[in-house]
Amino acid sequence: MKRLLTLFLLPAFCPVANGGKAVLELVGTTELPGIEGDLDHLAIDTAGHRLFATAEDNGTLRVIDLNTGKLVRTVKGFKTPHSILYLPEASEIYLTDGSDSVKVLDTNTFAVKRTIATTPGADSIGVDRTHHLLYAVTGGKDVPLPKSTITVIDTKTAKMLHEMPIDAVHVEAMALEESGPRLFVNVTDKNYLAVIDRPSSKIVAQWKIAEAKENSPLAFDEPHQRLFVVCRNPGTLVILNSANGHSVASFPTGARADEVLFDQAHHRIYVAAGEGKIFPYDAIDADHYKPLTQITSAPGAKTAVLSPDSTRLYVSVSPGDGKTGAKVLTYAVN
């Protein structure tokens, strides 16, 4: 077995925030041995001080101790793990792995408690915690199937409720409206944002993204009714009014981005770009945004998660994009 090397680093040079503090300070690096392909999304167990990371090309789930920064467990036996929903009240993880089912894991033993049959190809997710619902993108080009679906799962009963068809072969990230019934979904190959009425499972609007193509990552500032859409061709951050789909602003951003996060506590947007940089933006108000200095991360650093208290940003580095090895970078957020 390869020895795990965990490094805690001195703060790196980063752009300066208000008050003279760095916006992001690199405070730790956790090496993930035995991975050569892509890492995908992450999730946090706040009370248990654990970080979950999916290694999609390696077929494993990695568990990191956030107190020590060390890899403490590797869970094997999955197809291509993509997205994670952690449910602390049930001590469960819902894992999409590109197969014909969503896996439910016990987070004490990491045994698979049950499988929920779906259309093949489960990938990106959205979560309605109030009503205990998981929305998962299934079908599409990776399976391959000529259409995609949004599969709806009841996380109280671990049962699939129904599936919503989408006439597209490439569907990416989604964002859920908590104060209303809408689900926003990036339809990547058709270059629009779908607005779905959740109770009726119907697409009620299609908002064309005019500034760029291949809209993929998505985040939502619901109090200010702003959607943050990242396109990959070329790398562009597009900000939409969620009331009507009108474009508010757009900015160049990094290549091969697979995550955009909104930090409500610090009024910032972060785009994790696989080219090896994090692109932060200051949200001055609902209609005004300002790019901040780009932060060097690592080639392949394209997915990320922000801690619930907005004090830490965790970024996964896929070795498929560089020669740096798989790892998770930990940033202190100021």
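Visitor: What volume does the largest pocket have, and how should such a feature be read?

Guide: Rolling a probe the size of a water molecule over the atoms shows where empty space is left. In this predicted model, the largest pocket has a volume of about 1,700 Å³. Its lining comprises 49 residues, and those closest to its centre are Val127, Arg129, Leu261, Val305 and Leu306.

Visitor: Which strands each supply at least two residues of that lining?

Guide: They are β3, β7 (83-87), β11 (125-128), β15 (171-176), β19 (213-221), β23 (257-263) and β28.

Visitor: How many salt bridges are there, and how is one to be recognised?

Guide: One looks for a side-chain nitrogen of Lys or Arg within 4 Å of a carboxyl oxygen of Asp or Glu. By this rule the model holds twelve salt bridges. One of them pairs Lys302 with Asp38, with the closest N and O atoms 3.0 Å apart. Lys302 lies in strand β28 (residues 301-306) and Asp38 in the loop between β2 (24-31) and β3 (42-45), so this pair ties together parts that are 264 residues apart in sequence. The side chains of Lys302 and Asp38 also make a polar contact at 3.0 Å.

Visitor: Are Lys302 and Asp38 buried or exposed?

Guide: Here one consults the relative accessible area, where buried means under 20% and exposed means over 50%. Both Lys302 and Asp38 are buried. For Lys302 the relative accessible area is 11%.

Visitor: What is the setting of the salt bridge between Arg50 and Asp45: are these residues buried or exposed?

Guide: Arg50 has a relative accessible area of 18%, so Arg50 is buried. Asp45 is also buried, because its relative accessibility is 3%. The closest N and O atoms of Arg50 and Asp45 are 2.9 Å apart.

Visitor: Where do Asp142 and Lys141 stand by the same reading, buried or exposed?

Guide: Asp142 counts as exposed, at 58% relative accessibility. Lys141, at 41%, counts as partly exposed. These two residues form a salt bridge with their closest N and O atoms 3.0 Å apart.

Visitor: Which residues do salt bridges with shared partners join into one network?

Guide: The network consists of Glu92, Lys113 and Arg114. Glu92 lies in strand β8 (residues 92-96) and is buried, with a relative accessible area of 6%. Its side chain makes a polar contact with the side chain of Lys113 at 2.7 Å.

Visitor: Which residues does Glu92 touch, leaving aside those up to four places away in sequence?

Guide: With that exclusion, Glu92 touches Leu85, Tyr86, Leu87, Val104, Leu105, Thr107, Lys113 and Arg114.

Visitor: Where does Asn108 lie, and is Asn108 buried or exposed?

Guide: Asn108 lies in the loop between β9 (101-106) and β10 (112-117). With a relative accessible area of 56%, Asn108 is exposed. Apart from residues up to four places away in sequence, Asn108 touches Arg73 and Ser91. The C-alpha atoms of Asn108 and Glu92 are separated by 8.4 Å, and the two residues are 16 residues apart along the chain.

Visitor: What is the mean pLDDT of the protein chain, and where is the pLDDT below 50?

Guide: This value expresses the predictor's confidence in each residue, from 0 to 100. The mean pLDDT of the protein chain is 93, and 93% of its residues reach 70 or more. Over residues 1-15, however, the pLDDT is below 50. Beyond near neighbours in sequence, that stretch has 36 contacts in the model.

Definitions and conventions: Residues are numbered from 1 along each chain as its sequence is written. This is a predicted model: local features need pLDDT of at least 70, side-chain atom pairs count only at pLDDT 80 or more; totals for chains, interfaces and linings use all residues. Side-chain values use heavy atoms; hydrogens and water are left out. Contact means heavy atoms within 4.5 Å. Helices (H or I, at least four residues) and strands (E, at least two) are DSSP runs, numbered from the N terminus. Buried means under 20% relative accessible area, exposed over 50%, partly exposed in between (1.4 Å probe, protein chains only). A polar contact is a pair of N or O atoms within 3.5 Å; within protein, one must be able to donate a hydrogen and the other to accept it, and residues adjacent in sequence count only if both atoms are side-chain atoms. On a 1 Å grid over the protein atoms alone, a cavity is a set of points where a 1.4 Å probe fits but cannot get out, and a pocket is an open set with protein on both sides within 12 Å along at least five of seven lines; lining residues have an atom within 4 Å of a point. Grid points are joined across faces, edges and corners, and a volume is the space filled by probe spheres set on the points.
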